Amino acid sequence: MTDDFTQADLPGWLRCNDPNKLEKLWELADRERERRVGNWVHLRGLVEISNHCIRSCHYCGINTANSALKRYRMQHDEILACARQAVDFGYGTLVMQAGEDPDLDAQWVADLIRAIKRLTPLAVTLSLGERTPAELKLWRANGADRYLLRFETSDRELYTSIHPPRNNQTVSDRIALLRIIQSLGYETGSGIMVGIPGQTCQSVVRDLLLFHELDLDMVGIGPYLAHPASRITRNGCPDADIEQVPATEQMTCIVIALTRLMCPEANIPSTSALATINSTQGHSHGLTRGANVCMPCLTPVQYRGLYEIYPDKAGSKTTPGGSHRTVLETLATLNRPPGLGPGNRSRT
Ligand code: SAH
């Protein structure tokens, strides 16, 4: 924590609506970002390897109940081609994300990781949902470096209401799973959506304290964006009764800035959801208010529109080359260099 910021300031900043004061927060976060993780922006190539999902998360457009959605699962060689593309573009990391898809067989994923590690110098990040400790251990043993699993909200009641258990299983505990992921030696990422209907400022304060307590290596934060095929079809909007957190760009940036102050060394992406809510400036606002990572999408064009976790996702109609050019243009405007190498979590 810096001299100009303490944990006691969190509720005040989350409730702040004064543009002049917010400029001060952006400055604090940007200064801390530069001091702790430098000016580089690490680029992680994102490949959405499957949109099959057995979960029925009420927020997510690819939930199992969305029967109108055409499902796909990428082939081993198609994913390797994306990995080569990531190397050609100069990225240091490949992120493989998917719905929770048991047909992504654990050994198949392990072989894929091994092939990527053999053929490229890329760091490999997985974001495949809640998988068993044995599977997570197998993937780590085969070379996976990082795992991303957002806990979405630390408010237990809200979490349970939006993330129902599978069949008759007990409610999942993503926070416990994150601790297992850490114990397996992964660089560990988590995060939240901002503005889930029912989310309060108080609960976001607890989310921020939990990021710090878990000593996360990566923290991803994006606005909640309502999807017509999900159970929650409205956006969070201010509500006097429960002090609803708004799902706005400003609120998302406040949470990103506070995350930088709470977790100064973490890698924090400027997310696609932020670029979706503000298509012209979302990415650059994230990068000047605490973030130091971008995740350009490398998913082949025939699949990217189908990985529709929320509507009109930024970049869903462009090509990998198009996403690459957009991110480089943003960095050039901000005078920030692309990071070299895998861009591991820094420890100062
Ligand atoms: N199956 C994986 C990946 C899910 S998609 C998993 O569950 O971890 C990655 C992230 O997208 C989710 O963790 C969630 O935070 C975000 N997301 C999903 N639906 C969203 C929506 N409607 N609006 C904004 N973000 C959403």
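Colleague: Which residues come nearest to the ligand?

Modeller: In this predicted model, 18 residues surround the ligand, and Tyr59, Ala98, Glu152, Arg174 and Leu225 come nearest.

Colleague: Which atoms of Arg174 and Leu225 should one inspect?

Modeller: One looks for pairs of N or O atoms within 3.5 Å. In Arg174, a side-chain N or O atom is 2.9 Å from an oxygen atom of the ligand. Leu225 uses its backbone instead: an N or O atom there lies 2.8 Å from a ligand nitrogen. Ile309 also offers a backbone N or O atom, at 3.5 Å from a nitrogen atom of the ligand. The ligand taken alone exposes 550 Å², of which the protein buries 93%.

Colleague: How many residues does the largest nonpolar core have, and which helix gives the most to it?

Modeller: The core has 94 residues. Leu14, Met96, Leu126, Trp139 and Leu258 have the most contacts inside it. Helix α9, residues 249–262, gives the most, with nine residues. Beyond its neighbours within four places in sequence, Met96 is in contact with residues including Val47, Ile79, Leu112, Val124 and Leu128.

Colleague: What span should helix α8 have?

Modeller: The expected span is 1.5 Å times one less than the number of residues. Helix α8 has 14 residues, 201–214, and should therefore span 20 Å; its end C-alpha atoms are 20 Å apart, in agreement.

Colleague: Which residues of α8 are buried, and what covers them?

Modeller: Among the buried residues are Cys201, Val204, Asp207, Leu210 and Phe211. Their cover includes α1, α7, β5, β6 and α9. Just after α8, Asp215 takes a positive phi of about 50 degrees.

Key
Residues numbered from 1 in each chain as written. Predicted model: local features only at pLDDT ≥ 70, side-chain atom pairs only at ≥ 80, totals over all residues. Heavy atoms only, no water. Core = buried A, V, L, I, M, F, W, Y, C linked by side-chain atoms within 4.5 Å. Buried < 20%, exposed > 50% of the residue type's maximum accessible area, 1.4 Å probe, protein only. Helix = DSSP H or I, 4+ residues; strand = E, 2+ residues; numbered from the N terminus. Contact = heavy atoms within 4.5 Å. Near = heavy atom within 4 Å. Polar contact = N/O pair within 3.5 Å; in protein donor to acceptor, adjacent residues only side chain to side chain. Areas by Shrake-Rupley, 256 points an atom, 1.4 Å probe, with all protein chains shown as cover.
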